[in-house]
Amino acid sequence: MKSLIEHIKPALLLFLLLGIGFSSLVWGQSFTASVSENNVALGGRFQYAIEIENIDKGNLEMPDFGTFKVVGGPSQSRQSMNINGKQSFSMTYTYVLQATKEGKHTISAARLTGGKRPYATENISINVYKEKAAGAKSSTKEVFARLSISKSQLYPGEELIATHKLYSKLELESIDLREDVHYDGFMATALKFNPNQVSTEVLNGVRYYVLTIDKSVLTPVKRGLLTLPGLKIDVVTRQAKQVKTNHPFFPYQTRYEKTTHNITGNSASIQVKDFPGNKPLSFSGAVGNFTVSSSLTNTTTTANNAVNYKITVKGNGNIQLIDVPKPNFPKSFEVYDPEVSESKTSKTWDFLIIPRNAGSYEIEPFEFSFFDMRSKTYKTLKTDAQIIEVLVDQNDQTTSLIGSASNASDQSQSGLTLQTSSSNFKQDLSVFFGSWRHLFLAFIPFILLGLFLIFMQKNKALKADVVGYAKRKAHRAAQSKMKLAYKAMQEDKQAVFYEETLQALYGFIQDKLNITQSDTTKEHLKVKLFKNNISEELIDQFMQTVEDCEMAQYAPSSSVSMQQTYQNSIDLIKALNHKI
(Lines give C-alpha, C1' and ligand atoms only; values in the text may rest on other atoms or scores of the structure.)
Protein backbone atom coordinates (compact mmCIF):
# COMPACT_ATOMS: atom_id res chain seq x y z
CA MET A 1 0.00 0.00 0.00
CA LYS A 2 2.77 2.42 0.94
CA SER A 3 4.64 1.81 -2.34
CA LEU A 4 1.42 2.45 -4.27
CA ILE A 5 0.97 5.84 -2.60
CA GLU A 6 4.60 6.80 -3.24
CA HIS A 7 4.21 5.80 -6.89
CA ILE A 8 1.25 8.13 -7.50
CA LYS A 9 2.64 11.14 -5.63
CA PRO A 10 4.73 12.55 -8.54
CA ALA A 11 1.74 12.52 -10.89
CA LEU A 12 -0.47 14.30 -8.34
CA LEU A 13 2.21 16.86 -7.57
CA LEU A 14 2.80 17.52 -11.30
CA PHE A 15 -0.90 18.16 -11.87
CA LEU A 16 -1.22 20.46 -8.89
CA LEU A 17 1.86 22.47 -9.77
CA LEU A 18 0.87 22.97 -13.39
CA GLY A 19 -2.52 24.19 -12.28
CA ILE A 20 -3.84 23.94 -15.88
CA GLY A 21 -3.98 27.71 -16.10
CA PHE A 22 -6.63 28.45 -13.47
CA SER A 23 -5.04 31.54 -11.98
CA SER A 24 -7.95 33.90 -12.72
CA LEU A 25 -11.14 34.37 -10.77
CA VAL A 26 -12.43 31.11 -9.25
CA TRP A 27 -15.16 29.95 -6.87
CA GLY A 28 -14.56 29.04 -3.22
CA GLN A 29 -11.76 26.63 -2.36
CA SER A 30 -12.17 23.38 -0.42
CA PHE A 31 -10.25 20.21 0.41
CA THR A 32 -12.43 17.38 1.78
CA ALA A 33 -12.43 13.63 2.30
CA SER A 34 -15.44 11.31 2.53
CA VAL A 35 -16.42 7.63 2.61
CA SER A 36 -19.39 5.79 1.13
CA GLU A 37 -20.10 4.06 4.47
CA ASN A 38 -18.92 4.64 8.03
CA ASN A 39 -20.36 1.37 9.36
CA VAL A 40 -18.93 -1.60 7.44
CA ALA A 41 -19.13 -5.39 7.80
CA LEU A 42 -15.87 -7.28 8.36
CA GLY A 43 -14.45 -8.07 4.93
CA GLY A 44 -16.75 -5.53 3.30
CA ARG A 45 -15.59 -2.90 0.85
CA PHE A 46 -16.24 0.86 0.75
CA GLN A 47 -14.99 3.92 -1.11
CA TYR A 48 -12.71 6.65 0.23
CA ALA A 49 -12.57 9.86 -1.84
CA ILE A 50 -10.54 13.08 -1.68
CA GLU A 51 -12.00 16.10 -3.47
CA ILE A 52 -9.93 19.19 -4.29
CA GLU A 53 -11.91 22.25 -5.43
CA ASN A 54 -10.34 25.35 -7.00
CA ILE A 55 -6.87 24.77 -5.53
CA ASP A 56 -4.28 24.76 -8.29
CA LYS A 57 -0.98 24.32 -6.40
CA GLY A 58 0.23 22.09 -3.60
CA ASN A 59 1.76 18.79 -2.52
CA LEU A 60 -0.84 16.12 -1.73
CA GLU A 61 -0.03 13.87 1.25
CA MET A 62 -2.22 10.76 1.40
CA PRO A 63 -3.62 9.60 4.77
CA ASP A 64 -2.62 6.51 6.70
CA PHE A 65 -5.36 3.94 5.99
CA GLY A 66 -4.26 1.86 9.00
CA THR A 67 -5.93 -1.57 9.11
CA PHE A 68 -7.88 -0.96 5.91
CA LYS A 69 -6.54 -2.66 2.77
CA VAL A 70 -6.38 -0.75 -0.52
CA VAL A 71 -7.98 -3.05 -3.12
CA GLY A 72 -8.57 -0.47 -5.85
CA GLY A 73 -7.59 2.99 -6.98
CA PRO A 74 -6.82 5.68 -7.00
CA SER A 75 -9.18 6.50 -9.83
CA GLN A 76 -9.21 10.12 -10.93
CA SER A 77 -11.99 12.35 -12.22
CA ARG A 78 -11.88 16.00 -13.18
CA GLN A 79 -14.60 18.59 -13.71
CA SER A 80 -14.39 22.21 -14.82
CA MET A 81 -16.84 24.93 -15.79
CA ASN A 82 -16.98 28.63 -16.58
CA ILE A 83 -19.93 30.76 -15.45
CA ASN A 84 -19.97 34.49 -16.25
CA GLY A 85 -16.19 34.57 -16.50
CA LYS A 86 -15.64 32.77 -13.18
CA GLN A 87 -13.89 29.43 -13.49
CA SER A 88 -14.47 26.43 -11.26
CA PHE A 89 -12.66 23.11 -11.31
CA SER A 90 -12.31 20.04 -9.12
CA MET A 91 -10.27 16.84 -8.92
CA THR A 92 -11.43 13.69 -7.14
CA TYR A 93 -9.24 10.73 -6.15
CA THR A 94 -11.14 7.59 -5.15
CA TYR A 95 -9.87 4.44 -3.42
CA VAL A 96 -11.66 1.16 -2.75
CA LEU A 97 -10.82 -0.07 0.77
CA GLN A 98 -11.55 -3.35 2.51
CA ALA A 99 -12.18 -3.79 6.26
CA THR A 100 -9.78 -6.39 7.70
CA LYS A 101 -10.24 -6.00 11.44
CA GLU A 102 -13.30 -5.70 13.68
CA GLY A 103 -13.73 -2.62 15.86
CA LYS A 104 -13.62 1.14 15.52
CA HIS A 105 -10.82 2.46 13.30
CA THR A 106 -9.73 5.89 12.09
CA ILE A 107 -8.51 7.07 8.71
CA SER A 108 -6.18 9.97 9.41
CA ALA A 109 -6.32 13.34 7.67
CA ALA A 110 -5.06 13.89 4.13
CA ARG A 111 -2.99 17.05 3.73
CA LEU A 112 -2.20 19.56 1.01
CA THR A 113 0.94 21.64 1.55
CA GLY A 114 3.27 23.90 -0.39
CA GLY A 115 0.59 26.22 -1.74
CA LYS A 116 -0.65 29.61 -0.52
CA ARG A 117 -1.91 27.95 2.66
CA PRO A 118 -1.98 24.40 4.08
CA TYR A 119 -5.16 22.31 3.95
CA ALA A 120 -6.18 19.18 5.87
CA THR A 121 -9.25 16.95 5.82
CA GLU A 122 -11.08 15.71 8.92
CA ASN A 123 -10.23 12.33 10.45
CA ILE A 124 -12.88 9.75 9.57
CA SER A 125 -14.04 7.05 12.01
CA ILE A 126 -15.18 3.68 10.60
CA ASN A 127 -16.99 1.03 12.64
CA VAL A 128 -16.27 -2.54 11.47
CA TYR A 129 -18.66 -5.26 12.70
CA LYS A 130 -19.03 -8.98 12.20
CA GLU A 131 -21.47 -9.60 9.39
CA LYS A 132 -23.25 -12.45 11.22
CA ALA A 133 -23.73 -10.49 14.46
CA ALA A 134 -27.37 -10.37 15.55
CA GLY A 135 -29.08 -7.30 14.17
CA ALA A 136 -25.87 -5.92 12.73
CA LYS A 137 -26.35 -3.72 9.68
CA SER A 138 -25.11 -0.48 8.24
CA SER A 139 -26.21 2.52 10.32
CA THR A 140 -25.41 5.01 7.57
CA LYS A 141 -28.70 6.60 6.57
CA GLU A 142 -29.36 6.83 2.87
CA VAL A 143 -32.03 9.56 3.08
CA PHE A 144 -32.88 11.84 6.03
CA ALA A 145 -33.99 15.39 6.90
CA ARG A 146 -32.03 17.68 9.17
CA LEU A 147 -32.99 20.92 10.95
CA SER A 148 -30.10 23.21 11.87
CA ILE A 149 -30.35 26.45 13.87
CA SER A 150 -27.82 29.25 14.17
CA LYS A 151 -28.28 29.56 17.96
CA SER A 152 -30.17 27.72 20.71
CA GLN A 153 -30.39 30.52 23.31
CA LEU A 154 -31.52 34.07 22.65
CA TYR A 155 -33.48 37.03 23.98
CA PRO A 156 -36.98 38.14 22.89
CA GLY A 157 -36.67 40.02 19.61
CA GLU A 158 -33.27 38.49 18.80
CA GLU A 159 -33.05 36.66 15.48
CA LEU A 160 -31.88 33.19 14.51
CA ILE A 161 -31.71 31.31 11.20
CA ALA A 162 -33.45 27.93 10.87
CA THR A 163 -32.66 25.71 7.88
CA HIS A 164 -34.43 22.49 6.85
CA LYS A 165 -32.35 20.31 4.49
CA LEU A 166 -32.88 16.94 2.83
CA TYR A 167 -29.80 14.64 2.64
CA SER A 168 -29.58 11.68 0.26
CA LYS A 169 -26.96 9.25 -1.01
CA LEU A 170 -29.39 8.13 -3.72
CA GLU A 171 -30.86 9.84 -6.75
CA LEU A 172 -34.04 11.75 -5.88
CA GLU A 173 -37.14 10.98 -7.92
CA SER A 174 -39.74 13.14 -6.10
CA ILE A 175 -40.42 14.83 -2.76
CA ASP A 176 -43.73 15.69 -1.10
CA LEU A 177 -44.19 17.58 2.18
CA ARG A 178 -46.70 15.84 4.47
CA GLU A 179 -47.04 19.04 6.52
CA ASP A 180 -46.18 22.65 5.75
CA VAL A 181 -43.15 24.02 7.56
CA HIS A 182 -44.34 26.03 10.58
CA TYR A 183 -42.64 27.89 13.41
CA ASP A 184 -45.04 28.22 16.37
CA GLY A 185 -43.99 30.94 18.80
CA PHE A 186 -41.90 32.76 16.20
CA MET A 187 -42.37 35.42 13.56
CA ALA A 188 -40.78 33.98 10.41
CA THR A 189 -39.27 35.79 7.42
CA ALA A 190 -38.34 33.53 4.50
CA LEU A 191 -34.84 33.89 3.07
CA LYS A 192 -34.16 33.56 -0.63
CA PHE A 193 -32.62 30.30 -1.83
CA ASN A 194 -32.78 28.11 -4.93
CA PRO A 195 -35.11 25.18 -4.08
CA ASN A 196 -33.87 23.23 -7.12
CA GLN A 197 -30.13 23.57 -6.45
CA VAL A 198 -28.50 20.34 -5.28
CA SER A 199 -25.18 20.71 -3.42
CA THR A 200 -22.95 18.27 -1.54
CA GLU A 201 -22.00 18.09 2.14
CA VAL A 202 -19.88 15.73 4.22
CA LEU A 203 -21.44 14.55 7.51
CA ASN A 204 -19.53 12.16 9.80
CA GLY A 205 -17.21 11.46 6.91
CA VAL A 206 -20.00 10.54 4.46
CA ARG A 207 -20.75 12.67 1.40
CA TYR A 208 -24.43 13.42 0.67
CA TYR A 209 -26.41 15.22 -1.99
CA VAL A 210 -28.26 18.07 -0.24
CA LEU A 211 -31.46 19.92 -1.13
CA THR A 212 -32.62 22.94 0.94
CA ILE A 213 -36.35 22.75 1.75
CA ASP A 214 -36.78 25.93 3.85
CA LYS A 215 -34.57 28.69 5.24
CA SER A 216 -36.04 31.42 7.45
CA VAL A 217 -35.11 34.15 9.91
CA LEU A 218 -37.04 33.58 13.14
CA THR A 219 -37.87 36.13 15.83
CA PRO A 220 -39.47 34.76 19.04
CA VAL A 221 -42.75 36.25 20.20
CA LYS A 222 -42.89 34.06 23.33
CA ARG A 223 -40.54 33.40 26.21
CA GLY A 224 -39.37 30.13 27.72
CA LEU A 225 -38.42 26.83 26.09
CA LEU A 226 -39.75 26.66 22.52
CA THR A 227 -39.56 23.69 20.15
CA LEU A 228 -39.23 23.73 16.39
CA PRO A 229 -40.72 20.53 14.90
CA GLY A 230 -38.81 18.46 12.39
CA LEU A 231 -39.60 18.26 8.70
CA LYS A 232 -42.23 15.68 7.67
CA ILE A 233 -41.64 14.64 4.09
CA ASP A 234 -42.19 11.70 1.72
CA VAL A 235 -39.25 11.03 -0.62
CA VAL A 236 -39.03 8.67 -3.60
CA THR A 237 -35.49 7.65 -4.62
CA ARG A 238 -34.23 5.43 -7.40
CA GLN A 239 -31.15 3.23 -7.62
CA ALA A 240 -29.60 1.59 -10.68
CA LYS A 241 -29.52 -2.23 -10.68
CA GLN A 242 -27.84 -4.53 -13.19
CA VAL A 243 -30.34 -7.22 -14.25
CA LYS A 244 -29.27 -10.33 -16.18
CA THR A 245 -31.09 -10.92 -19.49
CA ASN A 246 -31.15 -13.61 -22.16
CA HIS A 247 -29.95 -11.24 -24.86
CA PRO A 248 -26.93 -12.73 -26.70
CA PHE A 249 -25.07 -9.41 -27.05
CA PHE A 250 -26.29 -7.49 -23.96
CA PRO A 251 -26.43 -9.97 -21.09
CA TYR A 252 -27.03 -7.24 -18.50
CA GLN A 253 -29.52 -4.38 -18.52
CA THR A 254 -29.71 -1.37 -16.20
CA ARG A 255 -33.01 -0.97 -14.38
CA TYR A 256 -33.98 1.53 -11.68
CA GLU A 257 -35.41 0.38 -8.40
CA LYS A 258 -37.70 2.98 -6.74
CA THR A 259 -38.05 3.25 -2.97
CA THR A 260 -40.42 5.42 -0.91
CA HIS A 261 -39.06 6.91 2.34
CA ASN A 262 -41.40 8.39 4.98
CA ILE A 263 -39.10 10.82 6.75
CA THR A 264 -39.46 12.86 9.93
CA GLY A 265 -36.56 15.18 10.64
CA ASN A 266 -35.07 16.13 13.98
CA SER A 267 -36.65 18.81 16.16
CA ALA A 268 -34.75 21.65 17.86
CA SER A 269 -35.23 23.27 21.26
CA ILE A 270 -34.66 26.98 21.75
CA GLN A 271 -34.47 28.79 25.09
CA VAL A 272 -35.84 32.35 24.95
CA LYS A 273 -34.39 34.11 27.98
CA ASP A 274 -35.85 37.03 29.91
CA PHE A 275 -34.11 40.38 29.58
CA PRO A 276 -31.77 41.35 32.43
CA GLY A 277 -33.17 43.53 35.21
CA ASN A 278 -32.89 47.31 35.51
CA LYS A 279 -34.68 47.95 32.23
CA PRO A 280 -34.84 51.64 31.27
CA LEU A 281 -38.34 53.12 31.27
CA SER A 282 -37.98 53.84 27.54
CA PHE A 283 -37.17 50.20 26.70
CA SER A 284 -39.96 48.52 24.71
CA GLY A 285 -38.25 45.36 23.43
CA ALA A 286 -35.79 46.65 20.81
CA VAL A 287 -32.87 44.26 20.34
CA GLY A 288 -29.85 44.99 18.13
CA ASN A 289 -27.84 48.12 17.40
CA PHE A 290 -29.71 51.30 16.47
CA THR A 291 -29.64 55.07 16.06
CA VAL A 292 -32.61 57.41 16.56
CA SER A 293 -33.44 60.87 15.19
CA SER A 294 -36.38 63.28 15.15
CA SER A 295 -37.45 66.05 12.76
CA LEU A 296 -40.18 68.60 12.03
CA THR A 297 -41.48 69.42 8.58
CA ASN A 298 -41.74 73.08 9.65
CA THR A 299 -40.27 74.88 12.64
CA THR A 300 -42.54 77.91 12.07
CA THR A 301 -46.27 77.67 11.49
CA THR A 302 -49.58 79.34 12.35
CA ALA A 303 -52.15 78.20 14.85
CA ASN A 304 -54.49 75.42 13.64
CA ASN A 305 -52.12 74.40 10.82
CA ALA A 306 -50.83 70.81 10.79
CA VAL A 307 -47.13 69.93 11.16
CA ASN A 308 -45.47 66.50 10.88
CA TYR A 309 -43.14 65.30 13.63
CA LYS A 310 -41.11 62.22 12.67
CA ILE A 311 -39.12 59.75 14.74
CA THR A 312 -36.79 57.43 12.78
CA VAL A 313 -34.98 54.39 14.15
CA LYS A 314 -32.22 52.90 11.98
CA GLY A 315 -29.94 49.92 12.44
CA ASN A 316 -29.81 46.15 12.59
CA GLY A 317 -32.13 44.10 14.77
CA ASN A 318 -35.80 43.37 15.30
CA ILE A 319 -37.03 46.42 13.35
CA GLN A 320 -40.42 44.84 12.63
CA LEU A 321 -41.23 44.36 16.33
CA ILE A 322 -40.07 47.77 17.52
CA ASP A 323 -42.67 50.21 18.75
CA VAL A 324 -42.05 53.57 20.38
CA PRO A 325 -43.98 55.32 23.16
CA LYS A 326 -45.81 58.53 22.34
CA PRO A 327 -43.50 61.58 22.68
CA ASN A 328 -44.31 64.31 25.19
CA PHE A 329 -46.02 67.03 23.17
CA PRO A 330 -47.21 70.38 24.59
CA LYS A 331 -50.72 70.10 26.04
CA SER A 332 -52.19 72.58 23.59
CA PHE A 333 -51.15 70.38 20.63
CA GLU A 334 -53.69 68.11 19.04
CA VAL A 335 -51.88 64.84 18.18
CA TYR A 336 -53.01 62.00 15.90
CA ASP A 337 -51.85 58.39 15.84
CA PRO A 338 -48.69 58.04 13.75
CA GLU A 339 -48.35 56.56 10.29
CA VAL A 340 -45.68 53.86 10.39
CA SER A 341 -43.37 53.00 7.49
CA GLU A 342 -40.51 50.53 7.61
CA SER A 343 -37.79 48.79 5.62
CA LYS A 344 -35.27 46.11 6.52
CA THR A 345 -33.02 48.59 8.36
CA SER A 346 -35.25 51.50 9.40
CA LYS A 347 -38.67 52.37 10.81
CA THR A 348 -40.35 55.79 10.93
CA TRP A 349 -43.30 57.04 13.02
CA ASP A 350 -44.93 60.13 11.44
CA PHE A 351 -47.10 62.08 13.93
CA LEU A 352 -49.56 64.67 12.64
CA ILE A 353 -49.72 67.52 15.20
CA ILE A 354 -51.87 70.67 15.20
CA PRO A 355 -50.84 73.56 17.49
CA ARG A 356 -54.00 75.34 18.65
CA ASN A 357 -52.48 78.40 20.32
CA ALA A 358 -49.80 80.90 19.28
CA GLY A 359 -46.48 80.91 21.07
CA SER A 360 -43.03 79.31 21.19
CA TYR A 361 -43.07 75.61 22.12
CA GLU A 362 -40.48 72.94 22.79
CA ILE A 363 -41.01 69.29 21.95
CA GLU A 364 -38.95 67.46 24.53
CA PRO A 365 -36.04 65.19 23.49
CA PHE A 366 -37.30 61.70 22.64
CA GLU A 367 -35.67 58.86 24.55
CA PHE A 368 -35.19 55.41 22.98
CA SER A 369 -33.56 52.36 24.57
CA PHE A 370 -32.46 49.04 23.13
CA PHE A 371 -30.68 45.89 24.28
CA ASP A 372 -27.25 45.57 22.67
CA MET A 373 -26.48 41.90 21.97
CA ARG A 374 -22.72 42.45 21.72
CA SER A 375 -22.27 43.99 25.15
CA LYS A 376 -25.40 42.35 26.68
CA THR A 377 -26.37 45.76 28.10
CA TYR A 378 -29.11 48.35 27.65
CA LYS A 379 -28.25 51.49 25.72
CA THR A 380 -30.29 54.69 25.80
CA LEU A 381 -30.30 57.36 23.09
CA LYS A 382 -31.91 60.81 23.02
CA THR A 383 -32.90 63.01 20.12
CA ASP A 384 -32.47 66.79 20.15
CA ALA A 385 -35.29 68.97 21.42
CA GLN A 386 -37.38 70.51 18.64
CA ILE A 387 -38.46 74.18 18.87
CA ILE A 388 -41.57 75.29 16.96
CA GLU A 389 -42.79 78.87 16.64
CA VAL A 390 -46.60 79.14 16.33
CA LEU A 391 -47.89 82.46 14.97
CA VAL A 392 -51.39 83.91 15.30
CA ASP A 393 -53.69 82.78 12.52
CA GLN A 394 -55.15 85.99 11.04
CA ASN A 395 -57.92 84.00 9.37
CA ASP A 396 -58.96 82.26 12.55
CA GLN A 397 -62.72 82.67 12.88
CA THR A 398 -62.88 82.66 16.65
CA THR A 399 -60.26 85.39 16.95
CA SER A 400 -62.09 87.72 14.58
CA LEU A 401 -65.38 87.19 16.37
CA ILE A 402 -63.91 88.06 19.73
CA GLY A 403 -62.37 91.23 18.27
CA SER A 404 -65.75 92.27 16.79
CA ALA A 405 -67.44 91.76 20.10
CA SER A 406 -64.93 94.01 21.78
CA ASN A 407 -65.53 96.81 19.23
CA ALA A 408 -69.29 96.51 19.59
CA SER A 409 -68.93 96.80 23.34
CA ASP A 410 -66.87 99.98 23.00
CA GLN A 411 -69.40 101.60 20.64
CA SER A 412 -72.34 100.85 22.90
CA GLN A 413 -70.51 102.27 25.85
CA SER A 414 -69.58 105.55 24.12
CA GLY A 415 -72.75 106.20 22.10
CA LEU A 416 -75.53 105.14 24.46
CA THR A 417 -77.61 107.94 26.05
CA LEU A 418 -80.62 107.17 28.25
CA GLN A 419 -83.16 109.67 29.48
CA THR A 420 -84.97 108.82 32.72
CA SER A 421 -86.97 110.77 35.19
CA SER A 422 -85.15 109.28 38.11
CA SER A 423 -81.72 110.53 39.11
CA ASN A 424 -81.16 107.31 41.06
CA PHE A 425 -81.78 105.30 37.92
CA LYS A 426 -79.23 107.46 35.98
CA GLN A 427 -76.71 106.93 38.73
CA ASP A 428 -77.27 103.13 38.68
CA LEU A 429 -76.87 103.10 34.88
CA SER A 430 -73.64 105.06 35.01
CA VAL A 431 -72.31 102.63 37.63
CA PHE A 432 -73.40 99.54 35.55
CA PHE A 433 -72.04 100.61 32.16
CA GLY A 434 -68.32 99.98 31.88
CA SER A 435 -68.32 97.72 34.93
CA TRP A 436 -66.98 94.14 34.83
CA ARG A 437 -70.58 92.86 34.99
CA HIS A 438 -71.45 94.81 31.83
CA LEU A 439 -68.40 93.56 29.96
CA PHE A 440 -68.93 89.96 31.10
CA LEU A 441 -72.59 89.93 29.96
CA ALA A 442 -71.68 91.59 26.65
CA PHE A 443 -69.08 88.94 25.86
CA ILE A 444 -71.05 85.82 26.93
CA PRO A 445 -72.79 85.27 23.52
CA PHE A 446 -69.53 85.61 21.61
CA ILE A 447 -67.61 83.38 24.01
CA LEU A 448 -70.28 80.69 23.69
CA LEU A 449 -70.23 81.03 19.91
CA GLY A 450 -66.42 80.72 19.83
CA LEU A 451 -66.49 77.63 22.06
CA PHE A 452 -69.16 76.09 19.85
CA LEU A 453 -67.09 76.67 16.69
CA ILE A 454 -63.98 75.17 18.34
CA PHE A 455 -66.00 72.15 19.50
CA MET A 456 -67.42 71.59 16.02
CA GLN A 457 -63.98 71.88 14.42
CA LYS A 458 -62.42 69.44 16.87
CA ASN A 459 -65.32 67.02 16.57
CA LYS A 460 -64.96 67.11 12.79
CA ALA A 461 -61.24 66.38 13.04
CA LEU A 462 -61.85 63.51 15.46
CA LYS A 463 -64.35 61.92 13.12
CA ALA A 464 -62.00 62.36 10.19
CA ASP A 465 -59.39 60.38 12.10
CA VAL A 466 -60.91 56.99 11.31
CA VAL A 467 -58.29 54.94 13.14
CA GLY A 468 -58.39 57.11 16.26
CA TYR A 469 -62.18 57.18 16.20
CA ALA A 470 -62.29 53.38 16.01
CA LYS A 471 -59.87 53.07 18.94
CA ARG A 472 -61.94 55.44 21.07
CA LYS A 473 -65.18 53.60 20.42
CA ALA A 474 -63.65 50.11 20.74
CA HIS A 475 -64.47 49.65 24.44
CA ARG A 476 -67.97 51.04 24.09
CA ALA A 477 -68.70 48.85 21.06
CA ALA A 478 -67.40 45.75 22.88
CA GLN A 479 -69.58 46.53 25.90
CA SER A 480 -72.64 46.79 23.63
CA LYS A 481 -71.87 43.37 22.14
CA MET A 482 -71.38 41.86 25.60
CA LYS A 483 -74.79 43.22 26.66
CA LEU A 484 -76.34 41.31 23.77
CA ALA A 485 -74.33 38.23 24.78
CA TYR A 486 -75.60 38.58 28.36
CA LYS A 487 -79.18 38.78 27.13
CA ALA A 488 -78.67 35.65 25.02
CA MET A 489 -77.17 33.86 28.04
CA GLN A 490 -80.22 34.77 30.14
CA GLU A 491 -82.46 33.34 27.40
CA ASP A 492 -80.21 30.25 27.07
CA LYS A 493 -79.47 30.94 23.41
CA GLN A 494 -76.04 29.35 23.28
CA ALA A 495 -75.26 29.91 19.57
CA VAL A 496 -76.20 33.61 19.77
CA PHE A 497 -74.21 34.04 23.00
CA TYR A 498 -70.94 32.71 21.58
CA GLU A 499 -71.38 34.57 18.29
CA GLU A 500 -71.85 37.91 20.08
CA THR A 501 -68.93 37.19 22.44
CA LEU A 502 -66.59 36.38 19.56
CA GLN A 503 -67.67 39.55 17.75
CA ALA A 504 -67.00 41.56 20.91
CA LEU A 505 -63.50 40.11 21.40
CA TYR A 506 -62.39 40.21 17.77
CA GLY A 507 -64.02 43.60 17.14
CA PHE A 508 -62.35 45.13 20.19
CA ILE A 509 -58.85 44.00 19.09
CA GLN A 510 -59.49 45.03 15.45
CA ASP A 511 -60.50 48.55 16.50
CA LYS A 512 -57.79 48.97 19.12
CA LEU A 513 -54.91 47.72 16.95
CA ASN A 514 -56.21 48.87 13.55
CA ILE A 515 -56.40 45.32 12.11
CA THR A 516 -58.52 44.60 9.06
CA GLN A 517 -60.93 41.68 8.90
CA SER A 518 -58.73 39.84 6.38
CA ASP A 519 -55.70 40.09 8.71
CA THR A 520 -57.54 38.79 11.76
CA THR A 521 -55.73 35.49 12.22
CA LYS A 522 -54.73 34.13 15.61
CA GLU A 523 -51.02 34.20 14.77
CA HIS A 524 -51.24 37.80 13.54
CA LEU A 525 -53.17 38.83 16.67
CA LYS A 526 -50.50 37.25 18.88
CA VAL A 527 -47.75 39.23 17.14
CA LYS A 528 -49.68 42.53 17.34
CA LEU A 529 -50.52 42.05 21.03
CA PHE A 530 -46.90 41.15 21.78
CA LYS A 531 -45.69 44.28 19.97
CA ASN A 532 -48.05 46.34 22.17
CA ASN A 533 -46.34 45.00 25.32
CA ILE A 534 -49.22 42.74 26.34
CA SER A 535 -48.03 40.01 28.72
CA GLU A 536 -47.87 36.41 27.53
CA GLU A 537 -50.33 35.42 30.26
CA LEU A 538 -52.95 37.90 29.02
CA ILE A 539 -52.36 36.89 25.37
CA ASP A 540 -52.81 33.20 26.28
CA GLN A 541 -56.02 34.02 28.20
CA PHE A 542 -57.39 35.89 25.19
CA MET A 543 -56.56 33.06 22.77
CA GLN A 544 -57.98 30.43 25.15
CA THR A 545 -61.25 32.34 25.52
CA VAL A 546 -61.57 32.68 21.74
CA GLU A 547 -60.91 28.95 21.30
CA ASP A 548 -63.50 28.11 23.98
CA CYS A 549 -66.08 30.22 22.14
CA GLU A 550 -65.29 28.63 18.79
CA MET A 551 -65.40 25.13 20.24
CA ALA A 552 -68.71 25.74 22.03
CA GLN A 553 -70.14 27.39 18.91
CA TYR A 554 -69.63 24.29 16.81
CA ALA A 555 -69.88 21.67 19.55
CA PRO A 556 -73.02 22.41 21.61
CA SER A 557 -72.23 19.52 23.95
CA SER A 558 -68.99 21.23 25.00
CA SER A 559 -68.28 21.53 28.72
CA VAL A 560 -67.50 25.24 28.33
CA SER A 561 -69.64 27.33 30.70
CA MET A 562 -71.40 30.41 29.28
CA GLN A 563 -71.20 32.16 32.66
CA GLN A 564 -67.47 31.57 32.96
CA THR A 565 -66.86 32.59 29.33
CA TYR A 566 -68.89 35.78 29.86
CA GLN A 567 -66.92 36.76 32.98
CA ASN A 568 -63.58 35.94 31.32
CA SER A 569 -64.49 38.07 28.30
CA ILE A 570 -65.55 41.05 30.43
CA ASP A 571 -62.31 40.84 32.44
CA LEU A 572 -60.18 40.50 29.29
CA ILE A 573 -61.73 43.51 27.54
CA LYS A 574 -61.31 45.59 30.69
CA ALA A 575 -57.66 44.56 31.16
CA LEU A 576 -56.72 45.07 27.51
CA ASN A 577 -58.47 48.46 27.40
CA HIS A 578 -56.16 49.71 30.18
CA LYS A 579 -53.02 48.43 28.45
CA ILE A 580 -53.61 49.39 24.79
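Which residue takes a positive phi just after H6? In this predicted model, Asn514 adopts a positive phi of about 55° immediately following that helix. Helix H6 itself spans residues 494-513 and comprises 20 residues. The distance from its first C-alpha to its last is 29 Å, close to the 28 Å expected at 1.5 Å a residue. With buried meaning under 20% relative accessible area, 15 of the 20 residues of H6 are buried, so the helix is largely enclosed by the rest of the structure.

An open sheet is formed by 3 strands, arranged in the order E2-E10-E7 with mixed pairing. Strand E2 (39-41) and strand E7 (103-107) occupy the edges; each has a single partner strand, and therefore one side of each is left without a neighbour in the sheet. From one strand to the next, the twist averages 30°. Strands E7 and E10 (residues 124-129) run antiparallel and are joined by 5 bridges. Within this pairing, Ile107 has Ile124 of E10 as its bridge partner.

A search of the whole structure identifies 1 cavity of 30 Å³ or more. The volume of the largest cavity is about 60 Å³, and its lining consists of Val221, Lys222, Lys526, Phe530, Glu536, Ile539 and Asp540. Two elements, helix H7 (522-531) and helix H8 (536-554), give two or more residues to this lining. The greatest contribution is that of H8, with 3 residues. Classified by residue type, the lining of the largest cavity contains 3 nonpolar and 4 charged residues, and no polar ones.

Notes:
Residues numbered from 1 in each chain as written. Predicted model: local features only at pLDDT ≥ 70, side-chain atom pairs only at ≥ 80, totals over all residues. Heavy atoms only, no water. Pairing = 2+ DSSP bridges. Helix = DSSP H or I, 4+ residues; strand = E, 2+ residues; numbered from the N terminus. Axes fitted to C-alpha atoms, helices over the stretch in contact; angles between N-to-C directions. Expected span 1.5 Å × (residues − 1). Buried < 20%, exposed > 50% of the residue type's maximum accessible area, 1.4 Å probe, protein only. 1 Å grid on protein atoms, 1.4 Å probe; cavity = no way out; pocket = protein on both sides within 12 Å on 5 of 7 lines; lining within 4 Å. Points joined across faces, edges and corners; volume = space filled by probe spheres on them. Nonpolar A, V, L, I, M, F, W, Y, C, P; charged D, E, K, R; others polar.
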